[in-house]
Amino acid sequence: MNDLGTAEISVLIGVFGFLILLVVPVAYQAYRRGYNPIIWGIVGLLTFNPLFPLIILAMVPHRSRLRLRDQFTRELEAKLAARVGSKSRPTSESGSPRTETSTVGDQVTELPQNRSIGDDQTRL
């Protein structure tokens with residue numbers, strides 16, 4: 001009848017093994033970074049270069065770390081508000097919490113009064 005022989009079964013096992021090698025690393029990395037492993041597994045199947053989705057996943061931020069950053073920001077804001085009390089933070093006219101100060105970069109460049117070391121002739 002239409003039974004599969006040993007050669008056909010070994011080819012099917014090889015093809016499925018190759019597809020698993022394309023899907024599993026991408027899906028695992030997506031899962032570790034907080035993204036949907038099924039979607040990224042499908043992306044791993046559809047790309048011609050199996051390294052491309054892994055490179056993309058390496059460039060995107062970890063979702064768990066983004067959540068932690070937001071949580072730490074909220075905690076720090078709460079601690080700052082509790083420490084300051086009812087006083088509001090200083091704000092500039094634009095509404096940002098920064099106060100306007102001058103920095104070293106704002107100073108005018110002045111020429112040196114005397115000669116510079118770079119003006120001397122180099123001697124060996």
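Helix axes here are lines fitted to C-alpha atoms over the stretch in contact, and angles run from 0 to 180 degrees between N-to-C directions. With that in hand, let's look at helix 2 and its surroundings in this predicted model.

Helix 2 and helix 3 pack with their axes 8 Å apart, at an angle of about 140°. The two helices are therefore oblique to each other, since only angles over 145 degrees would count as roughly antiparallel. Where they touch, W40, V43 and G44 of helix 2 meet P53, I56 and L57 of helix 3. Sorted by type, the residues of this contact come out as five nonpolar, one polar and no charged.

Now for helix 2 itself, which covers residues 37-46. Its buried residues are W40, G41 and G44. Looking down the helix axis, you'd find these buried residues within an arc of 105°, so they line one face of the helix. Their cover includes helix 1 (6-32) as well as helix 3 (51-59). Over on the other side of helix 2, I38 and L46 are exposed.

Next come the two ends. N36 caps the N-terminal end of helix 2, while T47 sits in the loop between helix 2 and helix 3. Here are the polar contacts made by these two side chains:

| Side chain | Backbone partner | Distance |
|---|---|---|
| N36 (oxygen) | I38 nitrogen | 3.1 Å |
| T47 | G44 oxygen | 3.4 Å |
| T47 | N49 oxygen | 3.4 Å |

T47 also touches F52 and P53, leaving aside residues up to four places away in sequence. That P53 is one of the helix 3 residues in the contact with helix 2.

Key
Residues numbered from 1 in each chain as written. Predicted model: local features only at pLDDT ≥ 70, side-chain atom pairs only at ≥ 80, totals over all residues. Heavy atoms only, no water. Buried < 20%, exposed > 50% of the residue type's maximum accessible area, 1.4 Å probe, protein only. Helix = DSSP H or I, 4+ residues; strand = E, 2+ residues; numbered from the N terminus. Arc of directions from axis to C-beta. Contact = heavy atoms within 4.5 Å. Polar contact = N/O pair within 3.5 Å; in protein donor to acceptor, adjacent residues only side chain to side chain. Parallel < 35°, antiparallel > 145°, perpendicular 65-115°, else oblique. Nonpolar A, V, L, I, M, F, W, Y, C, P; charged D, E, K, R; others polar.
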